[in-house]
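Biologist: Hey, got a minute to walk me through a model I haven't looked at before? I'll just fire off questions as they come.

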Amino acid sequence: MTNAELEKLRYPIGKFECPKSISNSDLNTWISVLEQFPKRLESLVENLNDAQLDTEYRPGGWTIRQVVHHVSDSHHHSYTRFKWALTEDKPLIKAYYEDRWAELSDSKFAPIDMSLQHIKAIHFKLVYLLKSLTEADLERCFIHPETNSEVKLNFQIGNYAWHSNHHYAHIENVMKQKGWL
């Protein structure tokens, strides 16, 4: 497999490209993605058996099971980051080693239903919060320690809509490749 083919498997929808000027239309589209994502994901994976769930989405990548659990962990972190940014002045967030989290037993072996239910709950809370944000709220930010950069909440909404679609595409692509769809 060439590097280009591997990169296409890693980033099936490309990397997130945020518009220079984020419009209300962009925000509404992204919030809609976040609102619909839990049901879309559940519908995609609900009939997979354990062997299918333990299939890597790319050579050397995570299994479908690990991807589902990762989305739950990551989106939980994102929700917390929104809350920090809305209640503190440019808080320095805590980064985490997602690759190490994906190797823990709850990510490698646990039933995905626990994470699907968590994704439903966290997205319900997140979307409810996002729909109430003012323009001033959307300009609030947190500091990411890996880049020491300010991350505005309006950007983060788009980034997590992308993140949802990114991992959905990982799972959908391997399912198509294997003839499971």
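Biologist: Looking at contacts between residues at least 6 apart in sequence, what share join residues at least 24 apart?

Modeller: That share is 76% in this protein chain. Keep in mind that the model is predicted.

Biologist: Okay, and how many helices and strands are there?

Modeller: The chain has 9 helices and 2 strands. Going along the sequence, the order is α-α-α-α-α-α-α-α-β-β-α.

Biologist: Is the chain as compact as a globular protein of that length, or not?

Modeller: The radius of gyration is 17 Å and the globule rule gives 16 Å for 181 residues, so the chain is as compact as a globular protein of that length. Its C-alpha atoms fill a box of roughly 45 × 35 × 30 Å along the principal axes.

Biologist: What percentage of the residues is buried?

Modeller: Buried residues account for 45% of the 181. As for the surface, the chain exposes about 10100 Å², with carbon and sulfur atoms supplying 50% of that.

Biologist: Let's pick one residue. Where is Leu-34, and is it buried or exposed?

Modeller: Leu-34 is in helix H2, which covers residues 24-45. Its relative accessibility is 1%, and buried means under 20%, so Leu-34 counts as buried.

Biologist: Which residues does Leu-34 touch, leaving out those up to four places away in sequence?

Modeller: It touches His-123, Leu-126, Val-127, Leu-130, Ile-157, Tyr-160, Ala-161 and Ser-164. Take Ile-157: it is 123 residues from Leu-34 along the chain, yet their C-alpha atoms are separated by 8.5 Å.

Biologist: Switching topic, how much space lies in the largest pocket?

Modeller: About 820 Å³. It is lined by 28 residues, and the closest to the pocket's centre are Glu-98, Asn-159, Tyr-160, Trp-162 and His-163. You've met Tyr-160 already, as one of the residues Leu-34 touches.

Biologist: Which elements give two or more residues to that lining?

Modeller: Those are helix H4 (64-87), helix H5 (98-101), strand S1 (141-144), strand S2 (149-152) and helix H9 (153-177).

Biologist: And which one gives the most?

Modeller: H9 does, with 9 residues.

Biologist: Last one: how does the lining divide into nonpolar, polar and charged residues?

Modeller: There are 10 nonpolar, 12 polar and 6 charged residues in the lining of the largest pocket.

Methods
Residues are numbered from 1 along each chain as its sequence is written. This is a predicted model: local features need pLDDT of at least 70, side-chain atom pairs count only at pLDDT 80 or more; totals for chains, interfaces and linings use all residues. Side-chain values use heavy atoms; hydrogens and water are left out. On a 1 Å grid over the protein atoms alone, a cavity is a set of points where a 1.4 Å probe fits but cannot get out, and a pocket is an open set with protein on both sides within 12 Å along at least five of seven lines; lining residues have an atom within 4 Å of a point. Grid points are joined across faces, edges and corners, and a volume is the space filled by probe spheres set on the points. Helices (H or I, at least four residues) and strands (E, at least two) are DSSP runs, numbered from the N terminus. Ala, Val, Leu, Ile, Met, Phe, Trp, Tyr, Cys and Pro count as nonpolar, Asp, Glu, Lys and Arg as charged, and the others, Gly among them, as polar. The radius of gyration is taken over C-alpha atoms; the globule rule is 2.2 Å times the number of residues to the power 0.38. Buried means under 20% relative accessible area, exposed over 50%, partly exposed in between (1.4 Å probe, protein chains only). Contact means heavy atoms within 4.5 Å. Accessible areas come from the Shrake-Rupley method with a 1.4 Å probe; for residues, only the protein chains shown count as cover.
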